[in-house]
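I opened the notebook to record what I looked up in this structure. The entries are short and follow the order in which I checked things.

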Amino acid sequence: MSQQAKRVVLVSRPKGEPKASDFRVEEYALPAPGQGQVLLRTIWLSLDPYMRGRMSEGPSYAAPVPIGGVMEGGTVCEVIASNHPGFVRGDIVLGRAGWQTHALSDGKDLRKIDAALGPVSTALGVLGMPGMTAYTGLLDIGKPQPKETVVVAAASGAVGSAVGQIAGIKGARAVGIAGGKDKCDYVKSELGFDDCLDHRDPDLSAKLKEACPDGIDVYFENVGGEVFEAVFPHLNAFARVPVCGLIAQYNDTAPSVPKWAPSLMRSVLTKRLTIRGFIVSDFAARHGDFLRDMSQWLREGKLKHREFVTEGLDRAPAAFMGLLKGANFGKQLVRVGPDRA
Ligand code: NDP
């Protein structure tokens, strides 16, 4: 019998929160690489909030996963067979194999990982797409100045944890917003943010006023919804708001215009706010700067990160559903296979 591989496919487009029945785990025969191809074995799969968008149809910056298609995702893989001149068996590569144990690739979407920079899983986190999102969104749009106040939500997560620490490295004051005491304690004591507030606190807006006595100069937006409503009255004149993500709204199938929208528009005008959305790929030209700075800060101990590992591909759907509700504590990864076969 041929060797079997496994994949997770999209069965139905969720209405509101995704549920287990929207996914199916399938087995299939391990494919053989053709000429110019490599066969990959997945070690690490990254789970990221953007995947909720790929499950839905409708206008977006990227095409949806088709029904019956393999869920998309960034991966760290080992090359286990190669008919490609650029790769040999045993190479560890960053790519987009998706939610599956094995995949074929023509090599165009693969980058060999420099293991000297850190553990290979960091290529999906602090030294990968989320880290680059934090670095470029904060430095190129937020432009924090020494002594300014930077606020970031989802502060214990992959992007937010790096945003606050980079703000600190640049001499700004970092205030996080996170879900619950454990995450807030970690953000302050381990990551060194100046303060961290719980977004479940009904007095979040008043607490922000106390934590940011000089107002907010940069708000790095990861969440949207009620957190943004609490933050925007405290923005200073000429504040910058890099709009990175709106996770509180991703399951919202019937969005309505909030009652505070006119008040926000008045603030944009009178306070001359800059609110700019971005996708990390907009800043692809900054990848070299990002890797140089972030790997140096990691080596120097100025940048800390935390991984939240789920064991086994079968558990990816449950882990993803948890990620959308804050069940992860750090960068959400799935260990699909051992480091070395
Ligand atoms: P995280 O590791 O931060 O995980 C998501 C976190 O979001 C949860 O742990 C939870 O933290 C928080 N959250 C979920 N629902 C809510 C809610 N209703 N209110 C407040 N917080 C909530 O994810 P990432 O760091 O990977 O991503 C953070 C954001 O950045 C996302 O919005 C994502 O879409 C965006 N992003 C955008 C990119 C771009 O190119 N523009 C690229 C990468 C990410 P808690 O328990 O603290 O509430």
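How many residues of the shell around the ligand are nonpolar, how many polar and how many charged? I found 17 nonpolar, nine polar and one charged. For these classes, Ala, Val, Leu, Ile, Met, Phe, Trp, Tyr, Cys and Pro count as nonpolar, Asp, Glu, Lys and Arg as charged, and the others, Gly among them, as polar.

Entry 1, ground rules. I noted that the model is predicted, that local features need pLDDT of at least 70, that side-chain atom pairs count only at pLDDT 80 or more, and that totals for chains, interfaces and linings use all residues. Residues are numbered from 1 along each chain as its sequence is written, and side-chain values use heavy atoms, with hydrogens and water left out.

Entry 2, the ligand shell. I looked up which residues surround the ligand, where near means that a heavy atom of the residue lies within 4 Å of the molecule or strand in question. There are 27 residues around the ligand, and G179, K183, H199, Y250 and N328 come nearest. I then checked which domains take part, with bounds from an automatic or database domain assignment. Domain 1 (4-125 + 305-335) and domain 2 (129-299) each give at least three residues to the shell. Two helices, α2 (129-142) and α3 (158-169), each supply at least two shell residues. Helices (H or I, at least four residues) and strands (E, at least two) are DSSP runs, numbered from the N terminus.

Entry 3, polar contacts of the ligand. I used the rule that a polar contact is a pair of N or O atoms within 3.5 Å; within protein, one must be able to donate a hydrogen and the other to accept it, and residues adjacent in sequence count only if both atoms are side-chain atoms. A polar backbone atom of A158 is 3.1 Å from a ligand oxygen. For V159, a backbone N or O atom lies 2.8 Å from an oxygen atom of the ligand. For V280, a polar backbone atom is 2.7 Å from a ligand oxygen. On its own the ligand has 910 Å² of accessible area, and the protein covers 91% of that. Accessible areas come from the Shrake-Rupley method with a 1.4 Å probe, and for residues only the protein chains shown count as cover.

Entry 4, the whole protein. I counted nine helices and 15 strands in the secondary structure. The radius of gyration is 21 Å, close to the 20 Å from the globule rule for 341 residues, so the protein is as compact as a globular protein of that length. The radius is taken over C-alpha atoms, and the rule is 2.2 Å times the number of residues to the power 0.38. Along the principal axes, the C-alpha atoms fill a box of roughly 65 × 45 × 35 Å. Of the 341 residues, 51% are buried. Buried means under 20% relative accessible area, exposed over 50%, and partly exposed in between (1.4 Å probe, protein chains only).

Entry 5, phi angles. Most residues other than glycine have a negative phi. I looked up K143 and found a positive phi, near 45 degrees. K143 sits in the loop between α2 and β8 (149-153) and is partly exposed at 47% relative accessible area. K147 has a positive phi too, near 75 degrees, and is found in the loop between α2 and β8. Is K147 buried or exposed? At 76% relative accessibility, K147 counts as exposed.

Entry 6, two strand residues. L10 is in strand β1 (residues 4-10) and is buried, at 0% relative accessibility. A29 lies in strand β2 (residues 23-29) and is partly exposed at 41%. A29 and Q3 are 26 residues apart along the chain, with 6.0 Å between their C-alpha atoms.
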